[in-house]
Amino acid sequence: MKIVKESWPILIVSNQFDTRNDESFRLRELTHELEEEHECKIVPCLSYEDAIELLLRRTDFGAVVIDWDINRTNPDAKHSPASVLSAIRKRNLKIPVFLLTDWLEASDIPLEVINQLTGCLWKTSDTIEFLAGRIERHLIKYVKGLYPPFFGKLIDYSEEYKYAWHTPGHMGGTGFLRNPSGVALFKFFGENIFRSDLSISAPELGSLLEHSGVIGDAEKNSARVFGADLTYYVLNGTSNVNQIIWRSVALPDDIVFVDRNCHKSLNYSIVNTDTFPIYMKPRRNRWGIMGPVRLSELTEKAIRQKIKKREIIPELPRDKKLKIAALTNSTYDGVCYNVKILKRALEEVAENIHFDEAWYAYAKFYPIYDGFFGMSADEGESEKTPPIYVAQSTHKLLTAFSQASMLHVKNGGSKKVCPHELNEAYMMHASTSPQYNMIASLDVATRMMEDSGESMWKDVIMMAVGLRKTAAKISRELKARNPNDWFFEIWQPRKVKVGGEIMDFEDAPTAYLASTQSAWILNSSDDWHGFDGIEENYAMLDPIKLTFITPGINPDGSMAETGIPAEVVTNYLQGEGIVCEKTDYYSFLLLNSLGTNRAKQETLLSALLHFKNLYDTNAPMEEAMPHFTQKYPKYMGVGLRDHCQQIHEFIKEREILRLMHESFDAMPDQAMKPSEAYRNLVGKNVEFVELKDLFGRIPAVMIVPYPPGIPMLMGGEIVNKKSRAVFEYLKAREAFENKFCGYASEIHGIEKTERGGKIRFELMCVKK
Ligand SMILES: Cc1ncc(COP(=O)(O)O)c(C=O)c1O
């Protein structure tokens, strides 16, 4: 592999760069030798302080050289070579670090410093050529070691400059050069992405479909790093990981157990496997945030009752278990389960357990999540523990190309998962033309987590906690000046216990909050989370998922006099170039992840404060949200506060939140299996039905409003008295969208048509 040394600069920390003496002369000679003779790039740095700052920001150094005695004349200086070294080693155990010293100083160097070094370079005794050669050799060795198994081989392959006589048709990118639009694309992405976009005709790289060769090595390495017995890379997202898992275990007419809050790919899994679903119902709080399912729903008795209530499902024989139980961990809003408790409950009732951890692939790498992710070490496992399947979108919160996901498997106590059998299901959902760059991104994501997962996530969590504290402090300060003042609250504990003392969350030390799991556990005695009857040590809030609450709902769940619907806030933020993850009626979600930095956080807080000022002064909409009024001039001349209030009053009058709550609370009757409803669709035995005619009809596809992204009705469930709230909710929503243009939300399964200047909702239903 060819290493471009210039891309891996050498950081030299010394104050001799701008002095004129013997030492500085030799330092300049060394720099010159490295640059001119060895084609290296040097980043000079004059103080230990600046070096630490640089090392926190940059991870592209190929080697570091630290002058031992910068502070010889200043023994009280804050930083030392040891603190620079410690800053490096906290994040990177492998980078070569040399101490620049001389014989006289060597005896002063403590053993713990020497232990963490690659070596010492004697300033005066070796030749400059020797010193430079030694640094370069270590740099090359280090950089070569950065390439994990598959990525390294892919680069080697592309550097062989072979003539491609195989797919993909662009053949290393040259196909694009036949047309200017193609050239534009080639220039935008750069040559490497095409040279490494290969067909499966490159046997040196192994086979994804057989999990062999270097691809197989990379998958095995990921299994080790993520704590699995078996890992497969899946290149079409966790949507497909979920399908593969179900395809590999479930047969038609099996009874399956699913969290109603699941992603739609699981609902499609129910359709594809032709199974009978029963559902776990997640708790909802007053803001509509989804919480954990009740442990009491997971007992055999509760499950048999659920089956009994669904008339079309045959009774489960006494000696049989459910085929699979699937839960979302963590939920969108960051509620994570204690999987050990779940496993003990579910192993009594299910043959397989499935955790959909699409948003949670990092949990293994930071101790605050111990015991709260699917692949956690579990001393309570026994013969009866079933296989555990975990689906993770590596691309969502780790670093991989979009759609690059992983399927992890942990064998059961007595039931092992047969890779050959699982692979048959895998191949039903995989393309025979895998994207090798995506595989490389999964391989590298694994290496990144193994080498520095803990320090990376520590930074992320510290920052998330910092933002949470700042928002809480702003709120507290404003209220201290005027008890009627307001600011956006973050959904989080209000009090924490630190060393036996109970204090406000915002006063607790950031490092403590970022490292103490108990601070994030949802307790039944706390009211901040708004969920009733929470089981002991059962669920925790993930610090990185930031749910902001907007005013509008009273602590008892009733609607407040005044309110700020979250969609107005996120519309405003959009205009300020800040894009949120999810917006609900009175809450919105932001992810504080690997790509978050302080500037981004401060921009957010200042935008929120700016919104508050505009709201408090009832600034005209065209001033507050010009991008919005340009598109929807109807709002011009209206004050921002009045605009919020109009929407709030509509939500209040039409009882939209109550209807939504009731829609999710009532489990509708199932008239036919979801797969049968789908068969009606394929057989063209379906028609669009307007809301006014919906009563008594059976939707052929699931109806999922966003927010919150949970099915109100599954295909095959009937709109009757029991599901009346769904019908009422959809009617209220239709009226809302007709009144407030610009606030249309996505509702999967609803066709919106415009007739006579009015938007009408129609649902695809099975013909009568
Ligand atoms: C809980 C959950 N599972 C699965 C998926 C699908 O993941 P992917 O986008 O990787 O297909 C999503 C996507 O949003 C999700 O939220």
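Modeller: Let's start with one term: two residues are in contact if their C-beta atoms, placed from the backbone, lie within 7 Å. Please also keep in mind that this is a predicted model.

Biologist: Happy to. With that cut-off, which residues is Glu 159 in contact with, leaving aside its neighbours within four places in sequence?

Modeller: Those residues are Met 1 and Lys 2. Glu 159 itself sits in the loop that runs between α7 (149–158) and α8 (180–189).

Biologist: Is Glu 159 buried or exposed?

Modeller: We can count C-beta atoms around a residue: 12 or fewer others within 10 Å makes it exposed. Glu 159 has 12 other C-beta atoms within 10 Å, so Glu 159 is exposed. There is also a comparison of sequence and space to make here: Glu 159 and Ser 196 are 37 residues apart in sequence, while their C-alpha atoms are 9.3 Å apart.

Biologist: Let's move to the sheets. What is the strand order in the open sheet of seven strands?

Modeller: Reading across the sheet, the order is β6-β15-β14-β13-β11-β7-β8, and the pairing is mixed. The edges are β6 (230–234) and β8 (276–280), each of which pairs on one side only. On average, neighbouring strands of this sheet are turned by 20 degrees against each other, direction ignored.

Biologist: How do I see the mixed pairing around β14?

Modeller: Look at the two partners in turn. Strand β13 (residues 353–356) pairs with β14 in the parallel sense, over four bridges, and Ile 353 stands opposite Ile 388 there. With strand β15 (residues 405–410), β14 pairs in the antiparallel sense over five bridges. On that side, Val 390 has His 408 of β15 as its bridge partner.

Biologist: Why is β14 described as largely enclosed by the rest of the structure?

Modeller: Five of the five residues of β14 (residues 388–392) are buried, so the strand is largely enclosed. You can check both faces: Ile 388, Val 390 and Gln 392 are buried on one side, and Tyr 389 and Ala 391 are buried on the other.

Biologist: How many residues of the edge strand β8 are buried?

Modeller: Five of its five residues are buried, so to speak of β8 as mostly covered is fair. Phe 276, Ile 278 and Met 280 point one way from β8, and Pro 277 and Tyr 279 point the other way. The partner of β8 is β7, in the parallel sense over five bridges, with Val 258 bridging to Tyr 279 in β8. Further along, β7 (residues 255–259) also runs parallel to β11 (residues 324–328), joined by three bridges; there, Phe 257 has Ala 325 as its bridge partner.

Biologist: Which helix lies across β6 and β15?

Modeller: That is helix α10 (residues 213–226), running at about 120 degrees to β6.

Biologist: And which strands form the open sheet of four?

Modeller: The order is β16-β20-β22-β21, with antiparallel pairing. Its edge strands are β16 (489–490) and β21 (582–583). Between them, β20 (residues 545–549) and β22 (residues 587–591) pair over five bridges, and Thr 547 has Leu 589 of β22 as its bridge partner. Helix α19 (residues 566–575) packs on this sheet, touching β21 and β22, and its direction makes about 40 degrees with that of β22.

Biologist: How should I read a pair of packed helices?

Modeller: Two packed helices are described by the angle between their axes and the distance between the axes. Here, helix α24 (residues 656–665) packs with helix α26 (residues 724–739) at about 145 degrees, and the axes are 8 Å apart. Their crossing is left-handed. On the α24 side the contact includes Ile 656, Leu 659 and Met 660, and on the α26 side it includes Val 726, Tyr 729 and Phe 736. By class, this contact has eight nonpolar, one polar and two charged residues.

Biologist: Finally, which residues are around the ligand?

Modeller: They are Gly 237, Thr 238, Ser 239, His 263, Ser 265, Thr 328, Asp 356, Ala 358, Ser 393 and Ser 405. Helix α11 (residues 237–249) gives the most to this shell, with three residues. By class, the shell divides into one nonpolar, eight polar and one charged.

Methods:
Residues are numbered from 1 along each chain as its sequence is written. This is a predicted model: local features need pLDDT of at least 70, side-chain atom pairs count only at pLDDT 80 or more; totals for chains, interfaces and linings use all residues. A residue is buried if 20 or more other C-beta atoms lie within 10 Å of its own, exposed if 12 or fewer, and partly exposed in between; C-beta atoms are placed from the backbone. Helices (H or I, at least four residues) and strands (E, at least two) are DSSP runs, numbered from the N terminus. Two strands pair if DSSP finds at least two bridges between them. A residue is near a molecule or strand if its C-beta atom, placed from the backbone, lies within 6 Å of it. Ala, Val, Leu, Ile, Met, Phe, Trp, Tyr, Cys and Pro count as nonpolar, Asp, Glu, Lys and Arg as charged, and the others, Gly among them, as polar. Axes are lines fitted to C-alpha atoms, for helices over the stretch in contact, and angles run from 0 to 180 degrees between N-to-C directions. A crossing is left-handed if the near helix is turned anticlockwise from the far one by less than a right angle, and right-handed if clockwise.
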